Amino acid sequence: MIGAIAALDADVTSIEAARSHMEVLDDLNAIGFANAVGPGVYDIHSPRVPGTAEIENSLASALKAVDAQRLWVNPDCGLKTRDTGEVVESLRNMVAAAQTMREQLV
């Protein structure tokens, strides 16, 4: 399956990764996946709103496997299972965590 993903003609591949704690990134690296990747940094299947520290931890894990220039930040697959309030607060925290991590990288 990973080989098929790598063979796609895509600039960025968005993948569900929060539940597996970014383990899939190691699988991508093992086959030489060189494109940009957007691993989900929080699980959208739970009504719990993730805090910025939790998302920063996910990003830190992702950065161990993917260099910052190839890393895109996004939630795990879709947000249709959440209500608007949960989505807005979660995305706000995700953006704040991404900004903090970018500042740390500079």
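# Exercises on a predicted structure

His 21 is exposed, with a relative accessible area of 63%. The model in which this residue is examined is a predicted one, and the exercises below work through its loops, its helices and its charged pairs.

## Exercise 1: Confidence

Determine which element of the protein chain has the lowest confidence and which has the highest.

Solution. Begin with the chain as a whole, for which the mean pLDDT is 90, while 100% of the residues reach 70 or more. Then turn to the separate elements: H1 has the lowest confidence, with a mean of 78, and H4 has the highest, at 95.

## Exercise 2: Two residues before H2

Locate His 21 and Met 22, describe their phi angles, and decide for each whether the residue is buried or exposed.

Solution. First, the location: His 21 is found in the loop between S1 and H2, and Met 22 has its place in that loop between S1 and H2 as well. Second, the backbone: His 21, a residue other than glycine, has a positive phi near 55°, and Met 22, which is not a glycine either, has a positive phi of about 70°. Third, the accessibility: His 21 is exposed at 63%, whereas Met 22 is buried, with a relative accessible area of 5%. A further positive phi is found just after H2, where Gly 32 takes a value of about 80°.

## Exercise 3: The faces of H2

List the buried residues of H2, and work out how they are arranged around the helix axis.

Solution. The buried residues of this helix are Val 24, Leu 25 and Leu 28. Viewed down the axis of H2, these buried residues fall within an arc of 105°, and they therefore line one face of the helix. An α-helix has 3.6 residues a turn, so residues three or four places apart point the same way. As the next step, consider the face turned away from the buried side, which carries the exposed residues Glu 23 and Ala 30. Finally, ask what the buried residues of H2 pack against: their partners are helix H1 (2-7), S1, S2 and H3.

## Exercise 4: The nonpolar core

State how many residues the largest nonpolar core has, and which of them have the most contacts inside it.

Solution. This core has 20 residues, and those with the most contacts inside it are Leu 25, Val 37, Val 41, Ile 55 and Leu 59. H2, H3 and helix H4 (84-105) each supply at least two residues of the core, and H3 gives the most, with 4 residues. To follow one core residue further, take Ile 55 and leave aside its neighbours within four places in sequence: it is then in contact with Val 41, Tyr 42, Pro 50, Ser 90, Asn 93, Met 94 and Ala 97.

## Exercise 5: Salt bridges

Find how many salt bridges the structure holds, and explain which parts the pair of Asp 43 and Arg 19 ties together.

Solution. The structure holds 4 salt bridges, and in one of them the side chains of Asp 43 and Arg 19 meet at 3.3 Å, N to O. Asp 43 lies in the loop between strand S2 (36-39) and helix H3 (52-65), and Arg 19 in the loop between strand S1 (12-15) and helix H2 (23-30), so the pair ties together parts that are 24 residues apart in sequence. Asp 43 is partly exposed at 25%, and Arg 19 is partly exposed at 49%.

Next, consider Arg 70, which forms a salt bridge with Asp 67, their closest N and O atoms being 3.7 Å apart. Here Arg 70 is buried, with a relative accessible area of 16%, whereas Asp 67 is partly exposed at 36%. In another pair, the side chains of Arg 82 and Glu 86 meet at 2.8 Å, N to O, and Glu 86 is buried at 16%.

## Exercise 6: A charged residue without a salt bridge

Describe the surroundings of Glu 56, and identify the nearest side chain of opposite charge.

Solution. Glu 56 lies in helix H3. This residue is buried yet has no salt bridge, and the nearest side chain of opposite charge, that of Arg 102, is 11 Å away. When residues up to four places away in sequence are not counted, Glu 56 touches Ala 97, Thr 100 and Met 101.

Methods: Residues are numbered from 1 along each chain as its sequence is written. Side-chain values use heavy atoms; hydrogens and water are left out. Buried means under 20% relative accessible area, exposed over 50%, partly exposed in between (1.4 Å probe, protein chains only). A nonpolar core is a set of buried Ala, Val, Leu, Ile, Met, Phe, Trp, Tyr and Cys residues joined through side-chain atoms within 4.5 Å. Contact means heavy atoms within 4.5 Å. The arc is that of the directions from the helix axis to the C-beta atoms. Lys and Arg count as positive and Asp and Glu as negative; His and the chain ends are not counted. pLDDT is the predictor's confidence in each residue, from 0 to 100.
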